[in-house]
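Subject: Structure handover and notes

Dear colleague,

I am passing on the structure we spoke about, together with my notes on it. Please look through it at your own pace and set the notes below against what you see.

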Amino acid sequence: EQQISIQASATPDAMAVIDGTDSWTYAELEARANRRAAQLQAALSAYSASEAVIGVALPRSGATVEWLLAILKIGGVYLPLDVDYPQQRLHSMLTDARAALVIVAEGAELGVLPCPSLNASDTAAHSEALPVPASIGNGDSLAYLIYTSGSTGTPKAVGISHSAALNLAYARKAGYDPLVPGDRVLAMASVGFDVSFGQLLLPLLSGATIVICPPLRSLDAHAFWELIRTQQITHANAVPAFFDAVVEEGSQIQCGLKRLIVGGEAFKLSLAHKLRNALPDTDIINVYGPTETCIDASAFQLPAGEDAASSLQQLPAILPIGQPLANYQAYVLDAHWQLAATGVEGELFLGGAGLARGYLGQPGLSAERFVANPWGEPGSRMYRTGDRVRWRADGSLGYLGRADHQVKIRGQRIEVGEIENTLRQQTGIRQAAVIARQDEGQKEKRLMAYVVAQEGVQQNSAELHSALSRRLTDAMLPSAYVWLESLPLNANGKLDVK
């Protein structure tokens, strides 16, 4: 936040945020955020503002940027809440995080909240008489919490510090994304997705302009590329499935995109060919990073120029995830947790300045996933990703898949265990299993639920789906339900997924 204030002082008249017909210069955004911060301090008078968790239940907007900056100014912890999530899930997140306050849109229907709320459009915040608050906290203080799907059946909160977030900004600048004043970054990620933090905040460290993307449901391919052209977007970032849907095979797109950043799920070579053909002059980067390592930890840049097509032909069907960003370390360990040689498959462990503090209120799980790093500085840690990789001869990391039951659906990390546990808790359900399938002819994986009902209970997929929709996000809802008399087991008594 202090670095953004310095940038605002250096470029006060530069455009900071554009949201439809509304826009704010850096000076205007700084003033608005200061007034909102003073409003927050008044609302939190009964609490210590330092590391107070403040939920933000707002759609992607310029107002979200304003409130996010205000929270950081008072030393609070930003908890993004996707307003499309079921009420029960939002309430459980606020309760688990012990949120001191939640900022809501006027007229929002969120039910009875477990903590006090503040109307985001309260005009009292714009009084010039309110003082400018002093920044609180340090680099080790938490900046934000992001909830991810949990293998034990409940979501878990990942805590990211100010220093980890700042490290990512400079690692990007030194690596694949050197933003400069005048660049325009399209903010299009869901606010509940950790990528949104990078899109709604980090560009401000470089003097760039954040352009708020309208709801993706309202954008077809033509509307998306028209937005890119009319808003003079230079940087866009989304999951592979999105770009696959808005780029036609064999097309060439005329626009001013300098950099297209793709991440969140496996990037297929077939899509790389399509994107490179459509955008021959655009840098295209495949980024990789779990939420626990602050959004991105490695990057791989696609070949460009006259030999791009032949160079792409030399790559595997799933693109490499590249080399670690600055201040990150990558270790590929075999089954004995020894360093694996080039070409040998192992599990990826990540170390460095971008690691999360851990999981909020779950020291046991934190100790299990964030382990001692014997190759780093004394006391340093590394995160066990659960991803299977191997070092390639060119020094990049090749992605091979997951070592556990975690899957990615439309870029969102899903633990099928959480869906299975929710299924088993429904009345009349005896057993349940969920797998991700990609059938022939389909571009994306779909979640399939296999369910065993208790004796005498009528099978009703519509009612079951409705019950799940009140507790799970849209990305976690199965696409179909298959009713079985029993789940198939292998010789060891485990679920026979095949």
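The notes that follow go from the aromatic pairs to a helix, a polar contact, some backbone angles and a surface patch.

Please keep in mind throughout that this is a predicted model.

Aromatic pairs

The count of aromatic pairs comes to 9. One of them joins F224 and F243, whose ring centres are 6.5 Å apart and whose planes stand at 65 degrees, so this pair is edge-to-face. The pair links distant parts of the chain, with F224 in helix α7 (residues 221-230) and F243 in helix α8 (residues 240-246), 19 residues apart. F224 is buried, because its relative accessible area is 1%, and F243 likewise counts as buried, at 0% relative accessibility.

A further pair is formed by W337 and F349, with ring centres 5.0 Å apart and planes at 70 degrees, so that it too is edge-to-face. Here the parts of the chain that are linked are the loop between β16 (328-333) and β17 (346-352), where W337 sits, and strand β17, which holds F349, and the two residues are 12 residues apart. Are W337 and F349 buried or exposed? W337 counts as partly exposed, at 35% relative accessibility, whereas F349 is buried, with a relative accessible area of 0%.

Returning to F224 and F243, I would add that ring pairs link these two with W225 and F242 into a cluster.

Helix α4

In helix α4 (residues 87-96), the buried residues include R89, L90, H91, M93 and L94. Which elements cover them? Among those that do are the strands β3 (53-57), β4 (77-80), β5 (101-104) and β7 (142-148), together with the helix α12 (416-424). After α4 comes R98, which has a positive phi, near 50 degrees.

Q199 and its surroundings

Q199 belongs to helix α6 (residues 195-200), and it is buried, because its relative accessible area is 4%, while buried means under 20%. The side chain of Q199 reaches the backbone oxygen of N237 at a distance of 3.2 Å. If its neighbours within four places in sequence are left aside, Q199 is in contact with L186, A187, M188, A189 and I210, as well as with N237.

Positive phi angles

Two residues that are not glycine deserve a look in this respect, Q232 and W337. Q232 has a positive phi of about 55 degrees and lies in the loop between α7 and β11 (235-238), where it is exposed, with a relative accessible area of 55%. W337, described above as the partner of F349 in an edge-to-face pair, has a positive phi of about 60 degrees, and its place is in the loop between β16 and β17.

A nonpolar surface patch

Finally, L489, L495 and V497 form a nonpolar patch on the surface, and together they have about 250 Å² of accessible area. Of these residues, V497 is placed in the segment after β26 (480-483), and V497 is partly exposed, with a relative accessible area of 49%.

With kind regards

Key:
Residues are numbered from 1 along each chain as its sequence is written. This is a predicted model: local features need pLDDT of at least 70, side-chain atom pairs count only at pLDDT 80 or more; totals for chains, interfaces and linings use all residues. Side-chain values use heavy atoms; hydrogens and water are left out. Patches are made of residues with over 30% relative accessible area and no salt bridge: like charges are joined within 9 Å, nonpolar side chains (Val, Leu, Ile, Met, Phe, Trp, Tyr) within 5 Å. Accessible areas come from the Shrake-Rupley method with a 1.4 Å probe; for residues, only the protein chains shown count as cover. A salt bridge is a side-chain nitrogen of Lys or Arg within 4 Å of a carboxyl oxygen of Asp or Glu. Helices (H or I, at least four residues) and strands (E, at least two) are DSSP runs, numbered from the N terminus. Buried means under 20% relative accessible area, exposed over 50%, partly exposed in between (1.4 Å probe, protein chains only). A polar contact is a pair of N or O atoms within 3.5 Å; within protein, one must be able to donate a hydrogen and the other to accept it, and residues adjacent in sequence count only if both atoms are side-chain atoms. Contact means heavy atoms within 4.5 Å. Rings of Phe, Tyr and Trp (its six-membered ring) pair if their centres lie within 6.5 Å; planes under 30 degrees apart count as stacked, over 60 as edge-to-face and the rest as tilted.
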